[in-house]
Amino acid sequence: MEKNHVHPNIRFTTWEDFSIMSMAERGLGIGILPDMILRRIPYQLEIRSLQEPYYREIYLAMKNRKRLTPATQKFIEYLRFRETPLS
């Protein structure tokens, strides 16, 4: 938004995705949410894509790599698969 010199009148904020969608459904504003959360939602929303895709980095922290659950091990394998840029 800063890059495009957009300065919205923000009155309420929340980090909870379902609260954002519920408020938007009731006409209380808009939300910018990841594509993954917007799949198969129970809300009546108009979903629009940004003109320029926006990506964020996600990091993984662990106490002991030798004691990971199988699900965490598979997730790390997937992350290695995704190391190539998405451009």
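**Close-up views of a predicted model**

**View 1. The largest nonpolar core of this predicted model brings together six residues.** Its members are Ile20, Met21, Leu33, Leu38, Ile41 and Tyr43. Two of these residues, Ile20 and Met21, also appear among the buried residues of helix α1. With neighbours within four places in sequence left aside, Tyr43 is in contact with Phe18, Met21, Ser22 and Glu25. Among these partners of Tyr43, Met21 and Ser22 are buried residues of α1.

**View 2. Helix α1 comprises residues 17-25 and is capped at its N-terminal end by Glu16.** A side-chain oxygen of Glu16 lies 3.0 Å from the backbone nitrogen of Phe18. The buried residues of the helix are Ile20, Met21 and Ser22. Ser19 belongs to α1 as well, but counts as partly exposed, with a relative accessibility of 30%; this value is neither under 20% nor over 50%, and therefore Ser19 is classed as neither buried nor exposed. Between the C-alpha atoms of Ser19 and Met1 the distance is 22 Å, for a sequence separation of 18 residues. After the helix comes Gly27, which has a positive phi near 80°.

**View 3. A nonpolar patch lies on the surface.** The patch is formed by Leu60, Met62, Phe75, Tyr78, Leu79 and Phe81, which together have about 570 Å² of accessible area. One of these residues, Phe81, is found in helix α2, which spans residues 70-81. Phe81 has a relative accessible area of 62% and is classed as exposed because this value is over 50%.

**View 4. A salt bridge between Glu52 and Lys3 links distant parts of the chain.** The side chains of Glu52 and Lys3 meet with an N to O distance of 3.1 Å. Glu52 is located in the loop between α1 and α2, whereas Lys3 is in the segment before α1, and 49 residues separate the two. Lys3 counts as exposed, at 62% relative accessibility. In all, the structure holds five salt bridges.

**View 5. Two further salt bridges join Asp35 to Arg39 and Glu46 to Arg48.** Side chains of opposite charge can pair when their charged atoms come close. For Asp35 and Arg39, the N to O distance is 2.7 Å. Arg39 is exposed, its relative accessible area being 53%. The side chains of Glu46 and Arg48 likewise meet at 2.7 Å, N to O. Glu46 counts as exposed at 62% relative accessibility, and Arg48 counts as exposed at 66%.

**View 6. His5 has a positive phi although it is not a glycine.** The phi of His5 is about 60°, and the residue lies in the segment before α1. His5 has a relative accessibility of 64% and counts as exposed because this value is over 50%.

**View 7. Arg40 is a non-glycine residue with a positive phi.** Its phi is about 55°. Arg40 lies in the loop between α1 and α2. With a relative accessible area of 86%, Arg40 is exposed. Its sequence neighbours Arg39 and Ile41 can be located from the preceding views: Arg39 pairs with Asp35 in a salt bridge, and Ile41 is one of the six residues of the largest nonpolar core.

How values were computed
Residues are numbered from 1 along each chain as its sequence is written. This is a predicted model: local features need pLDDT of at least 70, side-chain atom pairs count only at pLDDT 80 or more; totals for chains, interfaces and linings use all residues. Side-chain values use heavy atoms; hydrogens and water are left out. A nonpolar core is a set of buried Ala, Val, Leu, Ile, Met, Phe, Trp, Tyr and Cys residues joined through side-chain atoms within 4.5 Å. Buried means under 20% relative accessible area, exposed over 50%, partly exposed in between (1.4 Å probe, protein chains only). Contact means heavy atoms within 4.5 Å. Helices (H or I, at least four residues) and strands (E, at least two) are DSSP runs, numbered from the N terminus. A polar contact is a pair of N or O atoms within 3.5 Å; within protein, one must be able to donate a hydrogen and the other to accept it, and residues adjacent in sequence count only if both atoms are side-chain atoms. Patches are made of residues with over 30% relative accessible area and no salt bridge: like charges are joined within 9 Å, nonpolar side chains (Val, Leu, Ile, Met, Phe, Trp, Tyr) within 5 Å. Accessible areas come from the Shrake-Rupley method with a 1.4 Å probe; for residues, only the protein chains shown count as cover. A salt bridge is a side-chain nitrogen of Lys or Arg within 4 Å of a carboxyl oxygen of Asp or Glu.
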